[in-house]
Amino acid sequence: MRAVVYNGPRDISVEEVPDAKIEQTTDAIVKITATNICGSDLHMYEGRTSLDAGRVIGHENLGEVVEVGAGVYSVKVGDRIALPFNIGCGFCANCTSGLTAFCLIVNPPNAGGAYGYAEMGPYNGGQAEYLRVPFADFNALQLPEDSVEKENDYVMLTDIMPTGWHGTRLAKLQPGESIVVYGGGPVGLMAAYSAEIQGASRVFVIDHIGERVALAEKFGATGINTADGDPVEQINEITNGAGVDRGVEAVGYQAHDSSGVERSNLTMNALVDIVKPTGGIGVVGVFLPEDPGADDEQAREGRMDFDFGKFFFKGQTIGTGQANVKAYDRQLRELVHHGKATPSRLVSHNLGLDAAPDAYRHFDARDAGWTKVVLNPTG
Ligand code: NAD
Ligand code: ZN
């Protein structure tokens with residue numbers, strides 16, 4: 001089968017690889033019809049992880065079941081399913097509590113597994129013609145009859161919409177409250193959209209790319225462009241110094257200051273400044289080592305120092321981590337099915353698999369117009 005293969009930093013290609021096959025009786029094989037490129041794929045693309053050359057990437061996958069193992073009960077050949085990016089076993093202490101991002105079984109000794117992601121187990125990704133789905137009964141999100149027509153919507157339920165939603169839940173947003181999202185990439189925009197759906201009174205989105213700020217405004221948010229000045233000052237001016245109730249971090253380690261120097265604490269310090277005393281902050285942006293092979297411990301471990309003193313005296317709370325996608329996905333599917341949510345508004349490109357190397361280049365460069373790419377390996 002054909003698949004997107006990681007060769008090394010900023011070097012991927014579409015290659016012929018061995019077919020995905022049933023390895024356990026609880027597996028299913030899915031013929032992929034939609035698979036997204038994600039900001040998290042860039043961690044590997046940029047060489048920030050320990051991913052081995054030759055691995056197939058892609059964790060935002062949707063398609064049709066073509067084969068099931070003997071131990072699969074509810075998933076049938078012909079079903080159209082979306083796959084949460086987390087792989088869960090369904091029976092460990094965390095999975096049974098809904099914390100599928102921290103499954104204790106699929107990636108020992110670490111908690112949490114995913115398709116095609118370096119530190120999250122040996123599982124191949126779905127930027128390929130076929131994908132092996134472990135524990136298929138547990139991990140499949142069954143799709144209704146509009147799954148082809150609304151494919152661009154449903155494929156956003158594999159990661160970025162539930163992740164954006166997770167950010168707002170970690171921040172403990174309540175209806176009628178205001179929220180600021182730092183980062184207007186796909187995840188940040190989905191956090192803003194989730195906040196709108198949950199009845200936020202006011203949503204701010206901060207980014208330094210004008211086009212993404214403009215897109216945030218299309219989702220109903222107030223866009224704050226850091227090119228126009230300190231975002232904390234801009235929001236203080238708009239709110240007469242009151243700040244906002246909740247905050248979501250949706251940038252991660254990639255934050256750069258105005259001179260282009262990487263400064264991963266920039267977003268957290270701004271959120272601690274602008275979120276009200278006792279307000280909540282949800283961190284869904286990923287903080288990775290600058291260089292996993294570096295001699296310097298700080299660079300190797302991805303540490304980040306932020307203003308913990310101010311955070312403490314303001315009595316704020318913080319929530320972190322990968323999204324437990326399954327915990328939100330059934331409700332999000334119903335919102336899409338009944339026309340209450342259209343996350344596909346984010347999609348800028350629907351392309352074939354062969355376009356992947358070019359699409360990664362554009363998405364990594366944050367080129368204008370390249371917001372969210374959906375690949376169709378059958379196209
Ligand atoms: P992205 O890189 O497209 O989005 C980041 C946005 O931040 C971009 O729009 C960029 O312009 C903006 N930005 C960067 N530096 C900035 C600065 N100094 N000032 C203002 N804006 C700045 O990626 P994405 O797909 O939206 O993902 C965002 C983060 O979420 C990544 O770290 C990704 O790994 C993470 N993520 C987490 C989960 C999870 O489960 N927790 C899931 C998916 C993605
Ligand atoms: Zn993703």
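Which residue in S13 stands opposite Val 180? In this predicted model, where local features need pLDDT of at least 70, side-chain atom pairs count only at pLDDT 80 or more and totals for chains, interfaces and linings use all residues, the partner of Val 180 is Gly 247 in S13. Residues are numbered from 1 along each chain as its sequence is written, chains are lettered from A and ligands numbered from 1 in the order in which they are written, and side-chain values use heavy atoms, with hydrogens and water left out.

Strand S10 (residues 178–182) is a good place to begin. Strands are DSSP E runs of at least two residues and helices are H or I runs of at least four, numbered from the N terminus. Five of the five residues of S10 are buried, so the strand is largely enclosed by the rest of the structure; buried means under 20% relative accessible area with a 1.4 Å probe, protein chains only. Ser 178, Val 180 and Tyr 182 point one way, Ile 179 and Val 181 the other.

S10 runs parallel to S13 (residues 244–249), joined by four bridges, and also pairs in the parallel sense with S11 (residues 202–207) over five bridges; pairing requires at least two DSSP bridges. Val 181 stands opposite Val 205 in S11.

Turning to the metal site, the zinc ion (ligand 2) is coordinated at 1.9 to 2.2 Å by Cys 38 (SG), His 59 (NE2), Glu 60 (OE) and Asp 159 (OD). Donors are N, O and S atoms within 2.8 Å of the metal (3.2 Å for Na, K and Ca). Both His 59 and Asp 159 are buried.

Technical notes. Buried < 20%, exposed > 50% of the residue type's maximum accessible area, 1.4 Å probe, protein only.
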